[in-house]
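Biologist: Hey, got a minute to walk me through this one? I'd like to start with the sheet and then hop around.

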Amino acid sequence: MLLSTSMGKERGLNMNRLMPFLLTSLAVASIFSFFLAYSPNPIPITSKEALNSVVHDQNLQPDHDHLSHAAPVRLIPPPKKKEVCDLFKGQWVPDSRGPLYTNSTCKTIPESKDCFKNGRMDRDYLNWRWKPEKCELPEFDPKAFLEIVRGKKMAFVGDSVARNHFESLLCLLSQEELPKDIYKDSEDRFRTWYFPQHDFTLMKLWTKYLIAADERMVNGTGSGVFDLHIDKIDDEWGKHLPDLDYAIISDGHWFFRVLYLYKGNKLIGCVYCNQPNITGFNTGNAVRMAFRSAFKYISTCKNCKGGLLTILRTFAPAHFENGAWNTGGYCNRTSPFSEAEVDFTKLDWEMRNIQIKEIKGARRNNGKQIRVLDITRAMLMRPDGHPGIHWGNQWMKGYSDCVHWCMPGPVDYWNNFLIALIRN
């Protein structure tokens with residue numbers, strides 16, 4: 001009896017202690033219920049499925065009655081793909097900074113390309129830069145270039161326009177380091193320069209056709225007619241290939257003449273010969289065969305360095321107007337064309353397309369590094385960049401040079417493209 005009375009008293013005391021807490025809790029619950037019932041912005045309860053439908057079905061119109069007051073769902077867009085910029089598609093834009101060298105700061109400019117020395121008076125053709133459509137083409141940096149090619153050998157393989165490119169690079173690099181002239185043949189067609197501070201060798205390897213060619217002689221004098229052996233490489237450049245780290249390949253201007261094509265020492269056709277019983281080929285056919293043979297030779301070179309980088313420099317257009325070089329043609333423009341003014345149906349663009357097609361085939365058939373320095377579009381817009389009559393040839397006065405390029409001039413941008421290719 002005493003035990004039950006004691007327990008009753010204890011329960012009463014506990015109830016007395018709990019009563020304030022229960023009353024407080026009841027008050028809070030009542031206020032919260034009142035808030036839910038009458039608040040203008042109640043907190044919705046959204047299912048997992050509803051949230052998933054918002055995330056995954058973004059194109060559907062949302063249920064405004066259901067979601068208008070919902071807490072915002074943060075949608076993270078997928079990362080954007082890095083847009084690839086085509087360096088070779090763009091336009092020439094005004095730029096008053098001028099060239100990186102002059103005929104006083106570069107002592108190796110050939111006289112035939114030193115247009116100012118030979119009387120050219122206009123200078124506006126130097127005040128343009130190439131602007132790709134979707135990015136910027138960095139200015140040529142001779143110091144960076146020499147660091148990239150430290151300890152390497154680079155050769156320009158091709159005709160006199162390849163030499164023009166080589167000479168431009170030589171001038172640009174000489175603004176950082178003066179090279180040593182270590183080899184020159186009697187006709188100034190094979191040249192080698194050495195940059196001792198960077199252990200870099202720069203070579204020019206002359207070839208008219210890339211493949212083996214023999215000029216037909218008449219009474220001991222060259223006739224200007226050539227026999228081309230489409231299955232044999234010109235060994236004058238081919239023998240140097242195993243020593244190279246970079247080979248810049250180009251050619252094209254010697255194909256516009258009478259040519260006889262041989263395979264396995266058997267005559268298979270001709271270009272411009274118009275002879276009965278001989279299959280006629282056009283210039284494009286001969287160019288295709290020559291570049292295919294050259295790329296095959298490079299692709300199958302067993303003694304070449306594993307890191308050999310081959311770069312095709314596409315066809316550089318000429319800009320003769322009102323005739324050819326020997327029929328009064330000239331080039332006296334002083335500013336660039338816009339792309340709309342360029343005729344892409346001309347043979348220049350066809351030559352470029354043939355070369356591009358052949359290098360694509362070479363890429364499919366081997367694992368070597370092959371890239372394209374596609375200057376044709378940009379240079380089709382630069383009829384103002386040639387020496388014209390300002391090339392100083394005393395034996396051919398009155399003839400215009402609308403094939404080669406003034407130095408300094410638009411040709412220097414070929415090396416802006418070149419450093420972009422080898423840097424990557």
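Modeller: Sure. One term before we start: two strands count as paired if DSSP finds at least two bridges between them. Also keep in mind that this is a predicted model.

Biologist: Fine. Which residue is the bridge partner of Asp227 in strand 10?

Modeller: That's Tyr260. Asp227 itself belongs to strand 8, where it is also the bridge partner of Asp214.

Biologist: How many bridges join strand 8 to strand 10, and do they run parallel or antiparallel?

Modeller: Four bridges, and the two strands run parallel. Strand 10 covers residues 259–263.

Biologist: And how many bridges join strand 7 to strand 8?

Modeller: Seven, and that pair runs antiparallel. Strand 7 is residues 211–218 and strand 8 is residues 221–233. Besides Asp214 with Asp227, you'll find Ala212 opposite His229 of strand 8.

Biologist: What's in the turn of that hairpin?

Modeller: There are two residues between the strands, and Asn219 takes a positive phi near 55° there.

Biologist: So what order do the strands of the whole sheet come in?

Modeller: It goes 7-8-10-11-12, five strands in an open sheet with mixed pairing. Strand 7 and strand 12 stand at the edges with a single partner strand each, so one side of each has no neighbour in the sheet.

Biologist: Remind me what holds strands together in general?

Modeller: Strands of a sheet pair through backbone hydrogen bonds, either parallel or antiparallel.

Biologist: OK, other positive phi values. What about Leu210, and is it buried or exposed?

Modeller: Leu210 has phi near 75°, positive in a residue other than glycine. You'll find Leu210 in the loop between strand 6 (200–206) and strand 7. Leu210 is buried, at a relative accessible area of 0%.

Biologist: And where does Asn274 lie?

Modeller: In the loop between strand 11 (266–271) and strand 12 (280–281). Its phi is near 50°, again positive in a residue other than glycine. Asn274 counts as exposed because its relative accessibility is 75%, and the cut-off for exposed is over 50%.

Biologist: Now the loop between strand 9 and strand 10. Is Trp254 buried or exposed there?

Modeller: Trp254 lies in that loop and counts as buried at 19% relative accessibility. The cut-off for buried is under 20%, so Trp254 falls on the buried side of it.

Biologist: How far is Trp254 from Gly224?

Modeller: They're 30 residues apart in sequence and 9.7 Å apart in space, C-alpha to C-alpha.

Biologist: Anything else in that loop?

Modeller: Phe256 is there too, between strand 9 (246–249) and strand 10. Phe256 is partly exposed, with a relative accessible area of 34%. Together with Tyr272 and Leu347, Phe256 forms a nonpolar patch on the surface, with about 260 Å² of accessible area between the three.

Biologist: Let's switch to helices. How many residues of helix 5 are buried?

Modeller: 14 of the 14, so helix 5 is largely enclosed by the rest of the structure. Helix 5 is residues 160–173 and reaches 20 Å from first C-alpha to last, close to the 20 Å expected at 1.5 Å a residue. At its start, a side-chain oxygen of Asp159 comes to within 3.0 Å of the backbone nitrogen of Val161.

Biologist: Which residue caps the N-terminal end of helix 7?

Modeller: Asn282, with a side-chain oxygen 3.1 Å from the backbone nitrogen of Gly284. Helix 7 is residues 283–299, and its end C-alpha atoms are 24 Å apart, which agrees with the 24 Å its 17 residues should span.

Biologist: How buried is helix 7?

Modeller: 12 of its 17 residues are buried, so helix 7 is largely enclosed by the rest of the structure too. Among them are Val287, Met289, Phe291, Phe295 and Ile298.

Biologist: Last helix on my list is helix 10. How many of its residues are buried?

Modeller: 10 of 11, so mostly covered, over residues 413–423. The buried ones include Tyr413, Trp414, Phe417 and Leu421.

Biologist: And what's the peptide bond from Met407 to Pro408 like?

Modeller: That one is cis, with omega near -5°. Pro408 sits in the loop between helix 9 (376–380) and helix 10.

Conventions
Residues numbered from 1 in each chain as written. Predicted model: local features only at pLDDT ≥ 70, side-chain atom pairs only at ≥ 80, totals over all residues. Heavy atoms only, no water. Buried < 20%, exposed > 50% of the residue type's maximum accessible area, 1.4 Å probe, protein only. Expected span 1.5 Å × (residues − 1). Polar contact = N/O pair within 3.5 Å; in protein donor to acceptor, adjacent residues only side chain to side chain. Patch = residues over 30% accessible without salt bridge, like charges linked within 9 Å, V, L, I, M, F, W, Y side chains within 5 Å. Areas by Shrake-Rupley, 256 points an atom, 1.4 Å probe, with all protein chains shown as cover. Salt bridge = Lys/Arg side-chain N within 4 Å of Asp/Glu carboxyl O.
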